Amino acid sequence: MTADARGAVVPCPSCGTRNRVPHGGTGRPRCASCHVDLPWLVDADDASFDDVVARAALPVLVDVWAAWCGPCRQLAPVVAKLADDYAGRLKVVKVDADASPQVSARHQVTGIPTLLLYHRGSELARQVGALPAEQLRRWLDEQLATRTAA
Ligand SMILES: [Zn+2]
């Protein structure tokens, strides 16, 4: 995936069309050709957190990680897969804890990896520490079902 200030170019998993997907805003990315929901996996930092996370209409899973953190590296592909599997239902946002000290301070993140589940500008739940893929998925399903129901 390539990314710049205007967004990332995401190939459609269904038809292969390359779509430009914005990092922020209130929308929900769909393929311009076949209209399937696209995976939404973006980076945020102190400056962009509110636009990318707090304003999003979809529930947002925020992965607070750092390059030196082994469990974070193990969790990264699991989190990336969630972005694919929950396309249209979940936005996944990576926050580098070292580059974004304000995000960590604001959320009182004391250990990493920390996963924050956000919806409509509020933190709904968090998971501190890496989980195996299946357990993480169960946690996420449960939180989405019980906390984000309209
Ligand atoms: Zn498509």
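**Turns, a cis bond and two cores**

Q: Is His 35 buried or exposed in this predicted model?
A: The cut-off to beat is over 50% relative accessible area. His 35 comes in at 53% relative accessibility, so this residue counts as exposed.

Q: What is unusual about the backbone at His 35, and what is the phi value there?
A: Most residues other than glycine have a negative phi. His 35, sitting in the loop between S3 and strand S4 (41-44), goes the other way with a positive value. Its phi is near 70°.

Q: Which loop holds Arg 120, and what is its phi?
A: Look between S7 and strand S8 (122-128), as that loop is the place of Arg 120. The side of the story you can see on the surface is that Arg 120 is exposed, with a relative accessible area of 59%. Arg 120 isn't a glycine, yet its phi is positive. The value is near 50°.

Q: Where is the cis peptide bond that leads into Pro 113, and what is its omega?
A: Pro 113 lies in the loop between helix H3 (101-106) and strand S7 (114-119). Most peptide bonds are trans. The one from Ile 112 to Pro 113 is cis, with omega near 0°.

Q: Why is strand S2 (residues 7-11) described as largely enclosed?
A: Buried means under 20% relative accessible area. In S2, that label fits 4 of the 5 residues, so the rest of the structure largely encloses the strand. The count to remember for buried residues is 4 of the 5.

Q: In the S2 and S3 pair, which residue is the bridge partner of Val 9?
A: S2 and strand S3 (residues 18-21) run antiparallel and pair over 4 bridges. They make a hairpin with 6 residues between them, and Gly 16 in that turn has a positive phi of about 85°. Over in S3, the partner of Val 9 is Arg 20.

Q: Which residues in the largest nonpolar core touch the most other members?
A: This core has 24 residues. S2, S4, helix H1 (49-54), strand S5 (60-65), strand S6 (91-96) and S7 each supply at least two of its residues. The ones touching the most other members are Phe 49, Val 53, Val 60, Val 62, Val 93, Val 95 and Tyr 118.

Q: Which residues does Val 53 touch, not counting those up to four places away in sequence?
A: Val 53 is one of the core members that touch the most others. Leaving out residues up to four places away in sequence, its contacts are Val 60, Val 62, Val 93 and Tyr 118.

Q: How many residues are in the second, separate core?
A: Leu 75, Leu 115, Ala 125 and Leu 136 are among its members. The full count for this second core is 17 residues.

Key. Residues are numbered from 1 along each chain as its sequence is written. This is a predicted model: local features need pLDDT of at least 70, side-chain atom pairs count only at pLDDT 80 or more; totals for chains, interfaces and linings use all residues. Side-chain values use heavy atoms; hydrogens and water are left out. Buried means under 20% relative accessible area, exposed over 50%, partly exposed in between (1.4 Å probe, protein chains only). Two strands pair if DSSP finds at least two bridges between them. A nonpolar core is a set of buried Ala, Val, Leu, Ile, Met, Phe, Trp, Tyr and Cys residues joined through side-chain atoms within 4.5 Å. Contact means heavy atoms within 4.5 Å.
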